[in-house]
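Here are a few exercises to work through with the coordinates open beside you. Try each task before reading its solution.

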Amino acid sequence: MNYLLLTIFVYGFCTSLSISAIECNEPYTPCKDGLQCVRPEYLCEGYNDCRDKSDEDVDFCKAKECVGSQYAKCRNGIQCVYLISFCDGFNDCPDQSDEDEDFCKANICPEGVVKCKDNLQCVDSLELCDGVHDCRDNSDEDQDLCRATKCDELYVKCKDGLQCVHSTYLCDGDNDCRDKSDEDEDFCKVHNVESISIVEDVHEPR
């Protein structure tokens, strides 16, 4: 009898907890069962983050807009994928539409992001002419493009006129420009940066 009463009490207590919806702080969104909060960027991205799987519910996702201009819907109208992931050589959409060339060409890159020369891929503007190939067609490191590209605020062109590096990297003891001009004292003086002398601690053997 006591065991039966205990079972009924525990069941009733757990049931009362399960129907008590929690309040989510900004920017979190409640799952459908009201028991869990998830970040908005985790909604409709192809993975179940809510235990009740409501964050990937097809009807919910089709009606929901993607969070921010950095994301776009897959062709199926369900998942939201980071725009920089489109046509990067990896399937992020379950319907593989993020690797479809016509679909990629129709997407417009948001502010601060630019299209590669092939009009398929979007890359961060800060990744242009940084010495690393981010576009699959390598156009972000094209010499004519790099010479014509103006560096963003707080960035300066290396002496070769191709690469942009952050001004805090000038004369810091490390070569960031491929032509090593960021460690040239005269170049640093032009940009009003004082050269840092690197002194090695050398001990005489005893």
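**Exercise 1: A buried charge**

In this predicted model, aspartate 182 is buried yet takes part in no salt bridge, and lysine 180, the nearest side chain of opposite charge, is 9.3 Å away. Find where aspartate 182 lies, and which backbone nitrogen lies 2.8 Å from a polar atom of its side chain.

*Solution.*
Step 1. Begin with the salt bridge: a side-chain nitrogen of Lys or Arg would have to be within 4 Å of a carboxyl oxygen, so lysine 180, at 9.3 Å, does not qualify.
Step 2. Place the residue: aspartate 182 belongs to the loop between strand 8 and helix 5.
Step 3. Look for the polar partner: the backbone nitrogen of aspartate 176 is 2.8 Å from a polar atom of the aspartate 182 side chain.
Step 4. List the surroundings, setting aside neighbours within four places in sequence: aspartate 182 has contacts that include Tyr169, Leu170, Cys171, Phe187 and Cys188.

**Exercise 2: Positive phi in the loop**

Cysteine 171 has a positive phi although it is not a glycine, and so does lysine 180. Determine the angle of each, then decide whether each side is buried or exposed.

*Solution.*
Step 1. Read the angles: phi is about 50° for cysteine 171 and about 65° for lysine 180.
Step 2. Locate them: cysteine 171 is in the loop between strand 8 (164–166) and helix 5 (185–190), and lysine 180 is in the loop between strand 8 and helix 5.
Step 3. Apply the cut-offs: cysteine 171 is buried because its relative accessibility is 1%, under 20%, whereas lysine 180 is exposed because its value is 52%, over 50%.

**Exercise 3: Classify an aromatic pair**

The structure holds 2 aromatic pairs. For the one formed by tyrosine 71 and tyrosine 82, work out whether it is stacked, edge-to-face or tilted.

*Solution.*
Step 1. Take the geometry: the ring centres of tyrosine 71 and tyrosine 82 are 5.4 Å apart, with 50° between the planes.
Step 2. Classify: stacked needs under 30 degrees and edge-to-face over 60, so the pair is tilted.
Step 3. Place the partners: tyrosine 71 is in strand 3 (residues 71–73) and tyrosine 82 in strand 4 (residues 80–82), 11 residues apart.
Step 4. Check accessibility: tyrosine 71 is partly exposed at 29%, and tyrosine 82 is partly exposed at 35%.

How values were computed:
Residues are numbered from 1 along each chain as its sequence is written. This is a predicted model: local features need pLDDT of at least 70, side-chain atom pairs count only at pLDDT 80 or more; totals for chains, interfaces and linings use all residues. Side-chain values use heavy atoms; hydrogens and water are left out. Rings of Phe, Tyr and Trp (its six-membered ring) pair if their centres lie within 6.5 Å; planes under 30 degrees apart count as stacked, over 60 as edge-to-face and the rest as tilted. Helices (H or I, at least four residues) and strands (E, at least two) are DSSP runs, numbered from the N terminus. Buried means under 20% relative accessible area, exposed over 50%, partly exposed in between (1.4 Å probe, protein chains only). Lys and Arg count as positive and Asp and Glu as negative; His and the chain ends are not counted. A polar contact is a pair of N or O atoms within 3.5 Å; within protein, one must be able to donate a hydrogen and the other to accept it, and residues adjacent in sequence count only if both atoms are side-chain atoms. Contact means heavy atoms within 4.5 Å.
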